[in-house]
Structures are given as structure tokens and as C-alpha cells.
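Student: Hi, could we go through this structure together? I'd like to start with what holds the metal.

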Amino acid sequence: MKEVVLELRMKIDVGMIGMPNAGKSQLLQKISMARPEVANYPFTTTEPAPGVVTHGWKEFIIAELPGILPEANKSTSLGRSFLRHLWRARVVVHLLDGSVEEPTATITGVNTEVAAFEASFLQKPQVIVVNKIDLPEVRKRIPVLRRQLAHYGVARHFISAQTGEGVDELVEYLTKLLEETPPVPSPLPPPVVVPVLHQARPAEPQVVRDGQVFVVLSPQAERIVRLPDLRRFQARLQLRRQLARMGVTGALEKAGVQPGDTVRIGVVEMKWE
Ligand SMILES: Nc1nc2c(ncn2[C@@H]2O[C@H](COP(=O)(O)OP(=O)(O)OP(=O)(O)O)[C@@H](O)[C@H]2O)c(=O)[nH]1
Ligand SMILES: [Mg+2]
């Protein structure tokens with residue numbers, strides 16, 4: 001007898017991700033008829049909440065996904081299974097709370113959690129949206145944030161989900177972007193029938209030498225290092241943790257890597273620290 005799990009994936013055009021309390025529900029309320037609860041505490045939304053957004057004659061479906069905490073304990077009852085709804089999303093909105101101490105500090109962390117679920121989700125066009133600009137201290141920060149966000153190479157928007165400032169421009173931008181973004185091909189990878197008893201493990205990472213350079217052969221690791229912002233210490237730390245989890249660090253150590261050596265993973269070269 002074979003046990004199978006059937007996954008239900010919502011048909012959505014835009015997936016909205018971000019830290020808890022960023023204002024995702026507030027934005028969804030502003031741009032659609034959906035009425036998810038808005039509250040000043042984290043994890044108010046525990047199920048994906050979809051809403052239909054209309055712009056002129058066009059419309060699209062946006063869904064708020066529950067808040068994502070970087071490096072959160074995966075054994076919490078929430079888990080990350082809600083991320084499967086991103087399969088069908090063509091565009092990802094990454095909402096930042098402009099009022100927290102360092103609004104951009106969690107971008108890579110949240111993206112890493114998404115990539116840990118499915119690396120190809122990071123290849124979807126991502127729009128970074130800074131929320132809560134109605135607060136004077138957030139408004140003051142806009143020029144600095146604009147500069148900080150420039151090196152992510154993605155579109156940036158500054159809005160107040162509460163007052164609606166910047167929201168029409170965002171909806172217009174998303175409508176245009178969706179027109180340019182092809183639908184996710186069907187049949188959808190991976191197959192919806194997942195055998196439970198024999199879960200395939202990803203292939204062990206291999207390390208080969210190219211002169212002085214240690215070359216890592218691991219499609220999974222190659223996808224992960226394409227994450228933005230490897231210049232930041234925190235991002236590199238997160239990457240190291242992931243490489244360790246995938247067995248890449250072990251394979252490199254077995255191959256004799258030392259701090260200061262050059263390691264190549266896919267198109268990215270780095271000094272081993
Ligand atoms: N000043 C201000 N506050 C906002 C804005 N948007 C949301 N908030 C407040 O931020 C808090 C969180 O808003 P939610 O919309 O519930 O946030 P969320 O991202 O859906 O949170 P979770 O579902 O818990 O992950 C609430 O107290 C909102 O009133 C905004 O544009 N300006
Ligand atoms: Mg919410």
C-alpha cells in the first residue's frame with residue numbers, strides 16, 4: 001500500500017511575504033475586499049489570506065502569507081508549509097516594517113527561509129515595499145533606505161498601508177509587472193503526489209580541486225549562494241549555517257579546505273572564513 005499526500009496550491013498572482021507585524025494584512029485590506037485581522041502583535045495571520053485587487057479593467061490575486069521569522073524554530077505548529085502557495089505566484093512582494101530599528105536587516109534572512117523551502121522561489125521577481133511611511137521617523141529614513149535597498153537590484157516602493165500613500169503606485173506597478181511576467185508553467189514542479197515513506201535525500205555535495213580553488217558541486221548550494229547581499233556579515237553567517245546543514249562544509253573539510261582558501265560554488269567565489 002502506498003500513502004500519498006495531495007497538496008492544495010492556491011492560484012495566486014502575487015505572494016506577500018515579510019516579518020510578522022510588517023503590515024501585510026493592513027495592505028491587503030487597503031487594496032482588496034479581503035478583511036484579514038490587523039493587530040499590533042506578531043502572527044495575527046496564521047493562514048494564507050487571498051484578496052482580489054482591481055486596477056482599471058485588470059485584476060490580480062494577492063495573498064498574504066503568515067509572517068516569517070528568520071531562523072525560526074521549524075518545529076513550531078506553524079511550520080513553513082504555507083510557503084507552498086508561492087508555487088503559483090508570479091511575483092513576490094516583500095513587505096518591510098519601516099519603523100523597526102533596521103528595516104533592511106531581515107531581508108536576506110526572510111529570503112533564506114523561503115529558499116530553504118524552495119530555492120527557485122527567489123527567481124520570481126521580488127518587489128521590496130517599505131511600509132509605515134506615515135510615521136515621521138520612517139518618512140525621515142526614506143532616502144537612506146532607498147540607498148540601502150539599491151544594491152538588491154529589485155524594485156523599491158515606499159507606502160503607508162494605513163493612509164494609502166504610495167499604494168496606488170504600487171498596485172499600478174504590480175499590474176504592469178504581472179503583464180510582463182509569464183505564468184508559472186504547468187504541470188507544476190514538483191509532482192503533487194509525494195510518497196511519504198521513502199523521501200529522497202538530495203545528492204551528497206562533492207568537492208573537486210581546480211588548482212588552488214575548492215569547487216563545490218551541489219545544485220542546491222549553487223542556488224543558495226545566488227541570494228543577494230553576501231557582503232553582509234549576517235548574510236554570510238546564515239549561508240555558512242545552510243552550507244553546514246547541506247553537508248557542503250563537511251565535504252570541503254574532508255577535501256582539506258583551510259581558512260583563507262578560495263571556494264567556488266556555481267558562479268560565486270568566496271574566501272573560506
Ligand atoms: N503607522 C502605521 N501602522 C501600520 C501600518 N500598516 C500596519 N500598521 C500597524 O502595524 C501593526 C501590524 O499590522 P498587520 O497588518 O496586522 O501586520 P501583519 O504583517 O499582517 O502581521 P502578521 O499577520 O501578524 O504577520 C498593526 O498595529 C497595524 O495597525 C502603516 O502603514 N502605518
Ligand atoms: Mg497579518
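Tutor: Let us begin with a term: donors are N, O and S atoms within 2.8 Å of the metal, and water is not among the atoms, so sites may look incomplete. Please also keep in mind that this is a predicted model.

Student: OK, so which protein donors does the magnesium ion (ligand 2) have?

Tutor: The magnesium ion (ligand 2) has S25 through OG, T45 through OG1 and E64 through OE as its protein donors, and they lie 2.1 to 2.2 Å from it. Along the chain, these donors follow the spacing S-x19-T-x18-E.

Student: And where do S25 and E64 lie?

Tutor: S25 lies in helix α1 and E64 in strand β4 (residues 58-64), so this pair ties together parts that are 39 residues apart in sequence.

Student: Switching to ligand 1, which residues come nearest?

Tutor: Of the 24 residues around ligand 1, the nearest are K24, Q26, F43, T44 and D134. By class, the shell has nine nonpolar, eleven polar and four charged residues, and helix α1 (residues 24-31) gives the most to it, with three residues.

Student: What about Q26, how far is its polar backbone atom from an oxygen atom of ligand 1?

Tutor: That distance is 2.8 Å for Q26, while a backbone N or O atom of S25 lies 2.9 Å from an oxygen atom of ligand 1, and for N21 the corresponding value is 3.0 Å. Taken alone, ligand 1 exposes 650 Å², of which the protein buries 92%.

Student: Which pocket does ligand 1 sit in?

Tutor: Ligand 1 sits in the second largest pocket.

Notes: Residues numbered from 1 in each chain as written. Chains lettered and ligands numbered in written order. Predicted model: local features only at pLDDT ≥ 70, side-chain atom pairs only at ≥ 80, totals over all residues. Heavy atoms only, no water. Near = heavy atom within 4 Å. Polar contact = N/O pair within 3.5 Å; in protein donor to acceptor, adjacent residues only side chain to side chain. Areas by Shrake-Rupley, 256 points an atom, 1.4 Å probe, with all protein chains shown as cover. 1 Å grid on protein atoms, 1.4 Å probe; cavity = no way out; pocket = protein on both sides within 12 Å on 5 of 7 lines; lining within 4 Å. Sits in = over half its atoms within 2 Å of the grid points. Helix = DSSP H or I, 4+ residues; strand = E, 2+ residues; numbered from the N terminus. Nonpolar A, V, L, I, M, F, W, Y, C, P; charged D, E, K, R; others polar. Donors = N, O, S within 2.8 Å, 3.2 Å for Na, K, Ca; no water.
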